Amino acid sequence: MAMLISGLSACSDSTAEPDPTEETAAAPEKGQEKGQETSKASAGNSCRDGQELTHTFDSGAEWALCWQVKPNRGLLLTDIYYSAPEQEPRKVIDSIALAQLEVPYDHGKRITSDITSAGFGGHRMKTLTEAECSGERLAAAIPNIGDGTYGSSPTRKVLCSEEVDASLSYRSFESGELTTARASEWNLYTVSKVGWYEYLNQFTFGEDGSIRPLLGATGDLSPVDYTNEDHGWAVGEGDSHHAASHSHNAVWRVDWGLGDGGQQVEQYDAEPTGEHGPESPIVRGKLIPIEVPSLAASADRRWWRVLDPNTRNEDGHPISYQIDLAATDSFTFVPDHHEHGAGSGYDIAFTNADDCQIYATHNRGGCGESVLDYVNESKLEKLDDVVSWVAVGFHHVPRDEDQSPMELHWQGFSMTPRDLLAQRPGVPDNRKGINGQPEEWEGEDIDDLAEPHGD
Ligand SMILES: [Cu+2]
């Protein structure tokens, strides 16, 4: 498998000073011992805050970023660059982190806002063992209290960095020749224990330039939230113990870094027209510009993209990233419901970047308390420095198998390059000539092949 390269950058964060009485950060020094080369992607990417980390796949694809741990948000990734094999690095994201995790219980007696009330950093962020991380465990100074102004900040191994096989990347058999490759992914994750739940805060970076933020939940069902069959599910023998159902309502904040300014957002929708062609229904797809800060809901065949209209790939198309929501139980945050009424939820929201707007609810600092406020207060602005707030909910109805420990359940979404490159990353030599409609295929004129046929 591919080499993992990790490095510790010059770090302006004073909390990163290791406490000599605690476990020290051995892992990040490895790269320096080996005389780590400055990676292609990380050139010019010195971290203002946090530590630099790069990962190079066997194919030559590379990711470079800075990572740090915030007391509330937990893992914060900044200055994320992707370079496809034999291509220049391109900045994709300025910063990404969880912006809220609300867990309301169906019996109505408990709600937690785990990011703003408890926090994923600090003592709730757990030191990782070899048993749970197949790759390298990276260390940072994690304050025991608040931001580390008071108390100690032991340096602990809290970040797992591992490359994993991700099944088939592609396969194509043409002209008697098999062209195929396996895919690899780079996972970065931390574990935070909040109450009885233990959350994996994971970011998966594909060799293909894709990014998938994922929240995994394990640990145990709350032992103090048992209810009746209307609000839970019988676990344990017979019908006497109903563990309460609840929701895990998560929002991620993604501050986009594509281009040098003037970013745009578009929503794509494809709708059946009601007309039929000779063989299949006619479907029309279209892009709708989102020109001001806005909320949006998910729908079948709908996705969004953030683009830099000023930067084109070699085919002349503006570079962009597509945002796809995975399965989501759409939700309205409870404080949003109180402030703005039922049905004030959103699956995605777009605002202009504002460093004061960090959390999806319970935000402080006089710049609005929630995403709904940010949108309401800026809806006359031009949207051109894009932050997307991606809401993914999971309604968890307990099952017998949740005890014990609970198998991880996952929620998240994906961001995929759309025209970042003119062709697939790492295009095999025998496919370099295929870009657009070919004139012939295996020696046959393409017009002769265009007639519909049986297979
Ligand atoms: Cu749950």
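What is the handedness of the link of Cys356 and Cys367, given the torsion about the S-S bond? With -85° about that bond, the link is left-handed, and the close-ups below set it beside the other disulfides, the copper site and one strand. All views show a predicted model, in which local features need pLDDT of at least 70 and side-chain atom pairs count only at pLDDT 80 or more, while totals for chains, interfaces and linings use all residues. Residues are numbered from 1 along each chain as its sequence is written, and side-chain values use heavy atoms, with hydrogens and water left out.

**View 1. The disulfide of Cys356 and Cys367.** The sulfur atoms of Cys356 and Cys367 lie 1.9 Å apart, where a disulfide is defined as a pair of cysteine sulfur atoms within 2.5 Å. Both cysteines sit in the loop between strand 21 (348-352) and helix 4 (371-378), eleven residues apart; helices (H or I, at least four residues) and strands (E, at least two) are DSSP runs numbered from the N terminus. Cys356 counts as partly exposed at 24% relative accessibility, whereas Cys367, at 10%, counts as buried; buried means under 20% relative accessible area, exposed over 50%, and partly exposed in between, with a 1.4 Å probe and protein chains only.

**View 2. The disulfides of Cys47 with Cys66 and of Cys133 with Cys160.** The sulfur atoms of Cys47 and Cys66 are 2.0 Å apart, and the torsion of -95° about their S-S bond makes this link left-handed. Cys47 lies in the loop between helix 1 (30-33) and strand 2 (51-56) and Cys66 in strand 3 (residues 62-70), so the pair ties together parts that are 19 residues apart in sequence. Cys133 and Cys160 also form a disulfide, with 2.0 Å between their sulfur atoms, and this one is right-handed because its torsion about the S-S bond is about 85°. Cys133 is buried at 4% relative accessible area, and Cys160 is buried at 0% relative accessibility. The structure holds three disulfides, which follow the pattern 1-2, 3-4, 5-6 when bonded cysteines are counted along the chain.

**View 3. The copper ion and its protein donors.** Tyr197 (OH), His246 (NE2), His248 (NE2) and His396 (ND1) are the protein donors, lying 2.0 to 2.1 Å from the copper ion; donors are N, O and S atoms within 2.8 Å of the metal (3.2 Å for Na, K and Ca), and since water is not among the atoms, sites may look incomplete. The four donor atoms subtend angles of 85 to 140°, which makes the arrangement irregular, because four donors count as tetrahedral only if all angles lie between 85 and 135 degrees, and as square planar if opposite donors are over 155 degrees apart and all others between 65 and 115. Tyr197 is buried at 4% relative accessibility, and His246 is buried with a relative accessible area of 1%.

**View 4. Strand 5 and its partners.** Twelve of the 15 residues of strand 5 (residues 90-104) are buried. Strand 5 pairs in the antiparallel sense with strand 4 (residues 74-83) over five bridges, two strands being paired if DSSP finds at least two bridges between them. Eight bridges join strand 5 to the antiparallel strand 15 (residues 246-256), where Arg253 is the bridge partner of Ala97. Strand 5 and strand 6 form a hairpin with six residues between them, and Gly108 in the turn has a positive phi of about 85°.

Key: Four donors count as tetrahedral if all angles lie between 85 and 135 degrees; four count as square planar and six as octahedral if opposite donors are over 155 degrees apart and all others between 65 and 115; anything else is irregular.
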